[in-house]
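Trainee: I have the sequence and the model open side by side, and I am not sure where to begin. Could we go through them together?

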Protein chains: 2
Amino acid sequence: MTDTKATNITWHEGHVSREERETLLKQKGALIWFTGLSGSGKSTIAFTLEHALVEQGYMAYCLDGDNIRHGLNKNLGFSPEDRTENIRRIAEVGKLFVDAGIVTCTAFISPYRDDRNAAREVFEGNDFIEIFVDTPLDVCEERDPKGLYKKARAGEIKGFTGIDAPYEAPDKPELVIDTSKCSPQEASVTIIEYLEKIGKIAK
Amino acid sequence: MTDTKATNITWHEGHVSREERETLLKQKGALIWFTGLSGSGKSTIAFTLEHALVEQGYMAYCLDGDNIRHGLNKNLGFSPEDRTENIRRIAEVGKLFVDAGIVTCTAFISPYRDDRNAAREVFEGNDFIEIFVDTPLDVCEERDPKGLYKKARAGEIKGFTGIDAPYEAPDKPELVIDTSKCSPQEASVTIIEYLEKIGKIAK
């Protein structure tokens with residue numbers, strides 16, 4: 001430990017502000033909340049967007065089933081209460097990432113309007129961007145990437161969104177994307193242009 | 001939406017890797033887990049370190065009572081089960097931040113060895129850095145920044161760590177800091193030198 005080094009550090013109380021981190025990163029924090037049926041393309045778009053942003057030098061991070069369900073939310077099941085708590089925790093973690101200045105994507109079915117609206121309430125200003133991945137059910141079911149629709153139709157899975165559990169479409173999403181009509185790359189461009197428009201990243 | 005823009009984006013499946021983000025940030029993710037009594041100086045060191053790192057262009061972020069207890073963990077109390085769940089969630093959120101490549105600090109009393117060891121288990125390699133802020137109880141009680149020791153001594157708060165609830169010191173912390181013998185700036189220098197030594201940030 002050297003005195004020289006120690007005295008070169010400026011004394012600050014409390015957290016580094018979001019603005020200071022955003023200045024460092026040359027971007028503004030945002031939470032991009034993808035919602036839609038299983039197989040609608042939420043994760044695919046989120047990952048395509050994440051890669052595109054990182055390639056351009058922006059800090060982006062995706063929260064999805066892979067890193068949430070096996071970690072933070074591994075003690076939650078699929079009851080209505082647990083689904084609500086699942087979404088609540090994701091929103092709160094997303095808020096921390098946004099506070100860190102990161103363009104954060106969440107890719108979860110999040111079928112209930114109340115849960116998504118509660119998530120929106122956690123954020124301020126234009127930080128929360130709800131994207132309805134409005135791919136028709138028959139297209140999602142045709143894709144069936146994890147074989148879940150087949151199991152749901154066979155009655156092997158109960159309470160599957162779109163089959164025997166409701167999906168409540170957003171009233172006023174910031175963006176609507178139908179992946180039966182555009183590629184994940186095209187969807188990412190739409191989202192990047194939106195982020196530029198609202199000043200989250202530079203044009 | 002333009003074809004040109006869309007075709008400029010490279011197609012990738014799955015998450016951006018931790019390594020790609022670390023390359024972008026020119027640092028490696030780490031979780032610096034401060035543990036110690038109330039008033040020992042955990043948050044003060046964490047914030048001083050955070051500011052010092054951000055001033056040097058590194059991405060650092062602190063999780064503490066301010067942003068965790070009122071958000072993600074607002075549905076937890078102070079029972080032993082809730083304390084354990086509190087620490088578990090903090091570790092899991094920390095893991096996400098580390099995966100994002102961020103030097104992450106957590107500043108919580110975290111009095112139980114088993115809870116901290118469970119947190120350590122969530123991480124790999126040298127990602128988890130336990131720092132025991134080993135400031136003597138009488139110094140912490142003299143400082144009493146939130147007036148909590150006074151209330152605990154008066155019996156107004158029950159189960160207060162160090163008074164009528166145990167603090168279990170770490171067996172093998174990566175670093176030990178006694179803030180009755182060094183300033184927060186000096187402590188930060190010690191930690192920065194440690195981060196340099198293990199290759200989390202450049203020398």
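**Starting from one lysine**

Mentor: Let us begin with B:K95, which is found in helix α5 of chain B, and please keep in mind throughout that this is a predicted model.

Trainee: Okay, is B:K95 buried or exposed?

Mentor: B:K95 is buried, because 22 other C-beta atoms lie within 10 Å, and the cut-off for calling a residue buried is 20 or more.

Trainee: And which residues is B:K95 in contact with, if I skip its neighbours within four places in sequence?

Mentor: Leaving those neighbours aside, B:K95 is in contact with B:V122 and B:F123 in chain B, and also with A:G71 in chain A.

Trainee: How far is B:K95 from B:F160?

Mentor: In sequence they are 65 residues apart, and in space, going from C-alpha to C-alpha, B:K95 and B:F160 are 28 Å apart.

Trainee: Since A:G71 came up, how many residues of chain B are in contact with chain A?

Mentor: There are 42 residues of chain B in contact with 42 residues of chain A. On the chain B side, the elements that give two or more residues are α1, α2, α3, β2, α4, α5 and α9, and α3(B) gives the most, with seven residues.

Trainee: What classes of residue are on that side?

Mentor: The side of chain B that touches chain A has 18 nonpolar, 13 polar and eleven charged residues.

Trainee: Back to α5(B), then. At what angle does it pack with α6(B)?

Mentor: The angle is about 25°, and the axes of α5(B) and α6(B) are 9 Å apart. The two helices are therefore roughly parallel to each other, since angles under 35 degrees count as such, and α5(B) passes α6(B) in a right-handed crossing.

Trainee: Which residues meet there?

Mentor: From α5(B) come B:R83, B:T84, B:I87, B:R88 and B:A91, and they meet B:D115, B:A118 and B:A119 in α6(B). Sorted by class, this contact has four nonpolar, one polar and three charged residues.

Trainee: Now chain A. How do α5(A) and α6(A) pack?

Mentor: For α5(A) and α6(A) the angle is about 25° and the axes are 9 Å apart, with α5(A) passing α6(A) in a right-handed crossing. The contact is made by A:R83, A:T84, A:I87, A:R88 and A:A91 of α5(A) together with A:D115, A:A118 and A:A119 of α6(A).

Trainee: Which residues of α6(A) are buried?

Mentor: In α6(A), which spans residues 113–121, the residues A:D115, A:R116 and A:A119 are buried. They cover an arc of only 95° around the axis, and so they sit on the same side of α6(A).

Trainee: What about the other side of α6(A), and what do the buried residues pack against?

Mentor: On the other side, A:D114, A:N117 and A:E121 are exposed, while the buried residues of α6(A) pack against β1, α5 and β4 of chain A.

Trainee: Last topic: what does chain A look like as a whole?

Mentor: Chain A has nine helices and five strands, and its C-alpha atoms fill a box of roughly 70 × 40 × 30 Å along the principal axes. Of its 203 residues, 47% count as buried. If you take the contacts in chain A between residues at least 6 apart in sequence, 76% of them join residues at least 24 apart.

Conventions: Residues numbered from 1 in each chain as written. Chains lettered and ligands numbered in written order. Predicted model: local features only at pLDDT ≥ 70, side-chain atom pairs only at ≥ 80, totals over all residues. Contact = placed C-beta atoms within 7 Å. Helix = DSSP H or I, 4+ residues; strand = E, 2+ residues; numbered from the N terminus. Nonpolar A, V, L, I, M, F, W, Y, C, P; charged D, E, K, R; others polar. Buried ≥ 20, exposed ≤ 12 C-beta atoms within 10 Å, placed from the backbone. Arc of directions from axis to C-beta. Axes fitted to C-alpha atoms, helices over the stretch in contact; angles between N-to-C directions. Parallel < 35°, antiparallel > 145°, perpendicular 65-115°, else oblique. Left-handed = near helix turned anticlockwise from the far one by under 90°.
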